[in-house]
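These exercises read a β-sheet from its strand pairings. Work through them with the structure open.

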Amino acid sequence: MQNMLTIISNALCRITGRHAGARVVVSRSYADFTPAMTFDIKKCDVHRLEEGPPLKAELTREQGLQYYRTMQTIRRMELKADQLYKQKIIRGFCHLYDGQEACAMGIEAAINPTDHLITAYRAHGYTYTRGVAVKEILAELTGRKGGVAKGKGGSMHMYAPHFYGGNGIVGAQVPLGAGIALACQYQGNNQLCVTLYGDGAANQGQLFESFNMAALWKLPCIFICENNKYGMGTSVERAAASTDYYKRGDYIPGLRVDGMDILCVREATKFAADHCRSGKGPIVMELQTYRYHGHSMSDPGVSYRTREEIQEVRSKSDPISLLKERMLSNNMASVEELKEIDVAIRKEVEEATQYATSDPEPPLDDLCNHIFANSPPLEVRGTNPWVKLKSTS
């Protein structure tokens, strides 16, 4: 019997051209994967709404891979920024976004590229989802000429078409976002503005002034509070008499959403966008999320919360792991395929790092450029009185 098996094996090898004992690797075709699935998602808490977003969400295989690739890129980019900061290659303020990736990707998946978005200083993730390359973001962090703001903005001041930063003053972007929504309404272009802020900014007076104007004029503005549980080193329970941030608009409808589930964020944002575009005015969303790093790189992040708390969130609620598990358990992707994506992302981030550390810094002559829309001469008080620095746009 053994001899017969050997004869058959050798005959097959001659036919296929393979050596005896060679491992046959069977690659799976796209037809082997589930093209789309509908998932149950967590119900949103609602305020002044008769009904909320749907309780089911469809995910196609292509969408899942895109969401995974984007969130994983943001994660790797932020971990690289952490490394470069500790090497003192990145200096100054630096607020990392790892842990909150489902918020940025979920919002972007629900709005149009022509819609507008403005956020606070934890802006790297949104800069990427709004279309800026990893190398331009990292080069901006290292203060290089090839950065998205030509090396002069740094971590908190990055911009792209329809993306207005990156704002360093707590809460100051909220009235600006309401103003952008006013421009959308004035121009009648059916666009809207997503205006983001954190739980730490939620008690700012300027938010409520913006809410009032937006409600009076029925502005197409989605006000989104990214509640990551801590404003700097202070927990929301110690900072706010009411932590129901989605109800803070009072007379404005609100939603409280699981910000760690990309499908929950996407469906809630679609619902909010439809609300705004239909002329019903603004809406407030609270995304319950979590940051793995401290408030900024100067904050170790474990003096006001335990390492065990952070690890529990990582193990039970990580947005990338949740999406990965959904796709693998429903045959929408293979482990090997996702590993290939991971390898490609690591390579992209490493190449971006090489660029961000070798690109030259902007020259001194560039100091006063891009200040004005036109090009008037600029006099800088206190310097040599016979020298005028020129500003070009």
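**Exercise 1.** In which sense, parallel or antiparallel, do strand 2 and strand 9 pair, and over how many bridges?

*Solution.* The model is predicted. Strand 2 and strand 9 pair in the antiparallel sense, with three bridges. A residue pair to look for here is Val46, which stands opposite Leu255 in strand 9.

**Exercise 2.** Find the partners of strand 10, and state how it is connected to strand 9.

*Solution.* Step 1: strand 9 (residues 254–258) pairs with strand 10 in the parallel sense over five bridges. Step 2: strand 6 (residues 221–227) also pairs with strand 10 in the parallel sense, over six bridges. Step 3: Glu286 in strand 10 is the bridge partner of Arg256, and Cys225 stands opposite Glu286 as well. Step 4: strand 9, helix 9 (residues 262–277) and strand 10 form a right-handed β-α-β unit. Step 5: of the six residues in strand 10 (residues 283–288), five are buried.

**Exercise 3.** Give the strand order of the sheet, and explain why strand 2 and strand 4 each have one side without a neighbour in it.

*Solution.* Step 1: the open sheet has six strands in the order 2-9-10-6-5-4, and its pairing is mixed. Step 2: strand 2 (45–47) and strand 4 (116–118) are at the edges with a single partner strand each, so one side of each has no neighbour in the sheet. Step 3: from one strand to the next, the twist averages 20°.

**Exercise 4.** Which strands does helix 6 lie across?

*Solution.* Helix 6 (residues 173–187) lies across strand 4, strand 5 (193–198) and strand 6. Its direction is at about 170° to strand 5. Helix 7 (residues 205–217) also packs on the sheet, touching strand 5, strand 6 and strand 10.

Note on methods:
Residues numbered from 1 in each chain as written. Predicted model: local features only at pLDDT ≥ 70, side-chain atom pairs only at ≥ 80, totals over all residues. Heavy atoms only, no water. Buried < 20%, exposed > 50% of the residue type's maximum accessible area, 1.4 Å probe, protein only. Helix = DSSP H or I, 4+ residues; strand = E, 2+ residues; numbered from the N terminus. Pairing = 2+ DSSP bridges. Right-handed = clockwise from strand over helix to strand, strands pointing away. Axes fitted to C-alpha atoms, helices over the stretch in contact; angles between N-to-C directions. Contact = heavy atoms within 4.5 Å.
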